[in-house]
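This report is a short tour for a reader new to the structure. It goes from the buried rings to the surface, one feature at a time.

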Amino acid sequence: MKKNLISVIILALTFANFVLTALLIFTVLPETKKANEMITSVCSAIDLELNSGAATGLSNLPIDQIVTYSVNGGESIHTNLKSSDGKNHYVVVTVTLSLNNQSDNYAKYSPKILSEKDSIIQDDIIQILGSYSIDEFNDSVSDAKAQILSDMQNMFGPDYVVGVNFSGLTTD
């Protein structure tokens, strides 16, 4: 008789646990989802404010605020492109970075200091250009510029490097 009474108590406690779990799922879980959505939207708003300088571009700055920096001392950069047809292809380009002289990073990364970091900048540009085949590069030069700009902004700050310019562009 004692074993049956313990079994009935265990069964009653299991049933009570099941009821409380169901109550928890149907009452607390929706409120938790709403709180998580609110937290996500607040974090998104904060993130937008933190990255507001990323919207700075060439078209948003007056011309007297833009300083140019010639990568590789104004000399052309020669690099091989990814082979898509078994032939060797290359690009020859002169790259100029447009810098915002009103940026907080301008004193930290002046053109003189950038010239000391020139090999790092060149290597990054070569890596990006080398990831394109000749057809991909010719079809999307603007994508290559955007990718270089994104990398430079990650290195030096989103409101410091505001543009990438190619001149003397030759592919073969």
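## Aromatic rings

Y109 and F156 are both buried. The model is a predicted one. The rings of Y109 and F156 form an edge-to-face pair, with 5.0 Å from centre to centre and 75° between the planes. Which parts of the chain does this pair link? Y109 sits in the loop between β3 and α2, while F156 belongs to helix α5 (residues 141–156). The two are 47 residues apart, so the pair links distant parts of the chain.

Y132 and F137 make another edge-to-face pair. Their centres are 6.3 Å apart, and the planes meet at 70°. Y132 is buried, at 10% relative accessible area. F137 is buried too, at 0%. In total there are five aromatic pairs. One aromatic cluster is formed by Y106, Y109, F156 and Y160.

## Helix α5 and what covers it

Helix α5 has 16 residues. From its first C-alpha to its last it reaches 22 Å, close to the expected 22 Å at 1.5 Å a residue. Which residues of α5 are buried? They are A144, I148, L149, M152, Q153 and F156. Some of the spacing fits a general rule: an α-helix has 3.6 residues a turn, so residues three or four places apart point the same way.

The cover over the buried residues of α5 comes from several elements. Among them are β3, α2, α3 (118–130), α4 and β4 (161–171). Just after α5 comes G157, which takes a positive phi of about 110°.

## P111 and T96

P111 lies in helix α2 (residues 111–116). P111 is partly exposed, with 24% relative accessibility. Beyond its neighbours within four places in sequence, P111 is in contact with V67, Y69, L99, Y106 and Y160. Two of these, Y106 and Y160, also belong to the aromatic cluster. P111 and V161 are 50 residues apart in sequence. In space, their C-alpha atoms are 11 Å apart.

T96 is part of strand β3. Is T96 buried or exposed? T96 is buried, because its relative accessible area of 15% falls under the 20% cut-off. Setting aside neighbours within four places in sequence, T96 is in contact with T68, Y69, S70, G163, V164 and N165. Y69 is thus named among the contacts of T96 and among those of P111.

## Salt bridges

How many salt bridges does the structure hold? There are two. One joins K34 and E31, whose closest N and O atoms are 3.9 Å apart. Both residues are in helix α1 (residues 2–50). They are three residues apart there, so about one helical turn separates them. E31 is partly exposed, with a relative accessible area of 47%.

The other salt bridge joins K82 and E136. Here the closest N and O atoms are 3.6 Å apart. K82 lies in the loop between β2 (77–81) and β3 (89–100), and E136 lies in helix α4 (residues 134–139). The pair therefore ties together parts that are 54 residues apart in sequence. K82 is partly exposed, at 38% relative accessibility. E136 is partly exposed as well, at 36%.

## A nonpolar patch on the surface

M38, I39, V42 and I46 make a nonpolar surface patch. Its area is about 380 Å². One of its members, I46, is found in helix α1. I46 is partly exposed, with a relative accessible area of 46%. That value is over 30%, so I46 passes the accessibility cut-off for patches.

## A positive phi at N72

Which residue has a positive phi although it is not a glycine? This is N72, with a phi of about 65°. N72 lies in the loop between β1 (66–70) and β2. N72 is partly exposed, with a relative accessible area of 23%.

Terms used:
Residues numbered from 1 in each chain as written. Predicted model: local features only at pLDDT ≥ 70, side-chain atom pairs only at ≥ 80, totals over all residues. Heavy atoms only, no water. Salt bridge = Lys/Arg side-chain N within 4 Å of Asp/Glu carboxyl O. Helix = DSSP H or I, 4+ residues; strand = E, 2+ residues; numbered from the N terminus. Buried < 20%, exposed > 50% of the residue type's maximum accessible area, 1.4 Å probe, protein only. Patch = residues over 30% accessible without salt bridge, like charges linked within 9 Å, V, L, I, M, F, W, Y side chains within 5 Å. Areas by Shrake-Rupley, 256 points an atom, 1.4 Å probe, with all protein chains shown as cover. Contact = heavy atoms within 4.5 Å. Phe/Tyr/Trp six-rings, centres within 6.5 Å; stacked < 30°, edge-to-face > 60°. Expected span 1.5 Å × (residues − 1).
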